[in-house]
Amino acid sequence: MAVAEPVQLATFIVTVGSVAFGVAAALWAFRLTAGVRRAQAQWRRRVGWLEDRLSDSDSIFSAHPGLVIVWDSPPDVDAGNWAKPKVYGSPTALAAMLKFADLGGTPGGDETVAAALLDGFADFEARSASGEDTTLRQRMRTLMESGQPFSLTVAGPSGRFIEADGRAAGAQLVLWLSDATIRGLEESGARGRLEEARRTVSEDPLAFLDMLGRAPYPAFRMNASGKLEWVNPAYVRAVGAKDAADVLSSQIFLDVSIREQGREVLASGQARRSIKAAVVESERRVLELALYPVSGGIAGLALDITEGEGAKDELERLAEAHDQTLDHMAEAVAIFDRSRKLSFYNRAFARLFRLDEAMLNERPGHGALLDRLREKRLLPEQADYTAWREAELSQYENPPADETPDELWSLPDGRTLRVARQRHPHGGLLFIFEDMTDQLTLQARYTTLMKVQRATLDRLNEAVAVFGSDGKLKLSNAAFAKVWNLDAEALENAPFEQVADACHALFPDPDRWNELKARITDPGPDARKATTGEIRRSDGTVLTWLTRPLPDGATLIAWDDITDSRRIEAALRDKAEALEASERIKTEFVKHVSYQLRTPLTTIGGYADLLAAGLAGELNDGQKDHMSAIQSASGQLAKLIDDILDIAAIDAGQLELELGDVRLDEMAEEACNLLASRAEHESIRLNLAFAEEGAAIRADSNRIKQVLYNLITNAMDHVDAGGEVEIGARIEGNDACLWVNDDGRGIAPERQAKIFERFESGEGGGAGLGLALVNDIVRLHGGWVELESEPGKGTTVMCHLPTTASGDHSAPELELKGSRGA
């Protein structure tokens, strides 16, 4: 037992030690994990609090009468689906917004709902807090790009309104959307107020324009809580802000005491004025602030009275400058005060009515001045001057709002004056007299000129139309409507397209009409050039057209019907071709016939000469007479053939002149020698009459001799036995005149015009080629033939020739380089 007790004691000690160690280890472990347990308990409490807050937030969002759209990070402006924002809010608000956006069902997913909602009413009519018309899409883009906040009222097509507010919240963007209906507002009342405001603006737009855009002094409006709701541009400039939105967002006041004054105005319901010093546009100014209650808040005006003390001096200087300006005007000006006394006049007034300035400086009354002008006969003649004078003076009694129309005074001296009357700001009347004599004269001349121009255009056969630079028809004549079968009244001020459509039936060519339109509307230098052309219409009519730019930017287009001309041209062309063919046939025929005639004629003449010479035996007197007749006939026939060949050569342009120095007296003498025997046989005297012996010209001697021979022969044919034929010539300067005069039977007046035509036989018979050949030869030399004849008193034929013949019909090697005279 003694041994067991120690063992038991040792076991007990070990057990107790183990327990103590375990307890100590447990205590040590508990101590180590106490901080973790506290942290866990703290986080459990924090999570519970956050869950409560989240639950509260969900409840708040569910109670919010609208939607909240949130972008967690700065969105991409150009991203699709509006950069996929998140949507918070009650189902009721969501349904109202979907109804406002006029979407049939609810799209799936928050991102799709947000994009559908924003696309649904982003382009509806909206108005900013400053009164600016805009859209939600425009302001959202600005918010996404620069973070600029906004507040809008969006009006839907059904008459409902959405309040939209966009703000940046750190890195997030938030858009609040509230439906007026959910907030408990009456839709019809809001719409009624909007329509009433629009009606008021439409009835008196100038007042709103002046207030909003042109007011030279700052104007503003505050709501009942003292917040600025609207400012005009002058206010923006006064506070040095960027724009109205900047003023409203930053709530920049002209003076810090304006809010307190606004509360006093709302409390009392009475307007309040005060004088405040403020910095306006970087300058210290003294302002008179006027605040007064209006519907929904307070309106205010700020008048700058810094220079109020100097206003009178400035006004006096302005009045003096005004008087100097009036004094330099060309129009006559006279001002009468309330007492009807002359208070001002300019020099033009004194000159116009020829009045003494000393008398005018005494400030005569209006009535006395009218009497003075009547004495000088510088007023219109009146049947009842007293009544007219009273009517003039009664103008002072008219209400200020009444306007007196301008009048025209016709003075006895022939001048016409325009008289304008108006109320003077300081009372009385201001008169302006303008001499309209020259202007009315010019206007009458212009009116007459326009009427003459219109009448002239209407009498033109060409169709004329003038189009302005805007493409509209400004002027046209009667021929234009007639040529294109148009209604003249319907054309007045019609655009070019309408005119082209009306003409399309006759000329369906769109390219040509587009070309004409470009000439009218294109201001470029290439298009503003004059052009011409020709068209053929569907009815067969041929028109030429031209365009001409006018100095005032308009364009003139004219059409001329040349259908008959084209037909005549074609006929003349065909006729010319036929004549050319006929002439060619005739020339060939003449050559052939002349050759066939000349061969037997030469044989006849040769054998006649042999028989007359007695080679076949001596002839008796009768046989000699017969042989003489044969020789004479063959000679005449030979000459006729020569004349025909010459005429044919001239017509064909093949007759060339062989130019040389020709003495006219020698040519005449040779011609007389050729015809001396005939003249002696017929008892006709041939006389030569030359003013100057040896006078020479540059010509074809053979052709001149031929001319003289034909003229002398023709004269002898018309002279009776015992008559006289005179041949003469004279040279004066560069002109030579060769004539043949006879005292024969003369030529009847009705035959003188045709005497030089071919085959025009005289009374003596013949082929009628002699004088025609004379005329052609003289023309080849560059001259002309003159005829003077009187029945029973003889005939004179004068050939006018240049001293140096033209080289046009001479051989090239004989072409003359200079002129030669006698």
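Which residues form one aromatic cluster together with F336? In this predicted model, the partners of F336 in the cluster are F349, F353, Y385, W388, W409, F431 and F433. One of these rings also has a charged neighbour: the charged end of R374 sits over the ring of Y385, 4.2 Å from its centre.

Let us move along the chain to a sheet. Here you will find 5 strands in an open arrangement, paired antiparallel in the order β19-β18-β22-β21-β20. At the edges are β19 (473–476) and β20 (531–536), each of which pairs on one side only. If you look from strand to strand, neighbours are turned by 20° against each other on average, ignoring direction. Within the sheet, β21 (residues 542–549) and β22 (residues 555–561) run antiparallel and are joined by 7 bridges. Along this pairing, L546 stands opposite A558 in β22. Helix α19 (residues 510–521) packs on the sheet, where it touches β18 (463–467), β20, β21 and β22. The direction of α19 makes about 140° with that of β22.

Strand β22 also leads us back to aromatic rings, since W559 lies in it. A pair of aromatic rings is described by how far apart the centres are and by the angle of the planes. For W484 and W559, the centres are 5.6 Å apart and the planes stand at 80°, so this pair is edge-to-face. The two residues are 75 residues apart, and their pair links distant parts of the chain: W484 belongs to the loop between α16 (478–483) and α17 (488–491). Both W484 and W559 are buried. W484 has a charged neighbour too, as the charged end of R537 sits over its ring, 5.0 Å from the centre.

Technical notes. Residues are numbered from 1 along each chain as its sequence is written. This is a predicted model: local features need pLDDT of at least 70, side-chain atom pairs count only at pLDDT 80 or more; totals for chains, interfaces and linings use all residues. Side-chain values use heavy atoms; hydrogens and water are left out. Two strands pair if DSSP finds at least two bridges between them. Helices (H or I, at least four residues) and strands (E, at least two) are DSSP runs, numbered from the N terminus. Axes are lines fitted to C-alpha atoms, for helices over the stretch in contact, and angles run from 0 to 180 degrees between N-to-C directions. Contact means heavy atoms within 4.5 Å. Rings of Phe, Tyr and Trp (its six-membered ring) pair if their centres lie within 6.5 Å; planes under 30 degrees apart count as stacked, over 60 as edge-to-face and the rest as tilted. Buried means under 20% relative accessible area, exposed over 50%, partly exposed in between (1.4 Å probe, protein chains only). A charge sits over a ring if NZ of Lys or CZ of Arg is within 6 Å of the ring centre and within 35 degrees of the ring normal.
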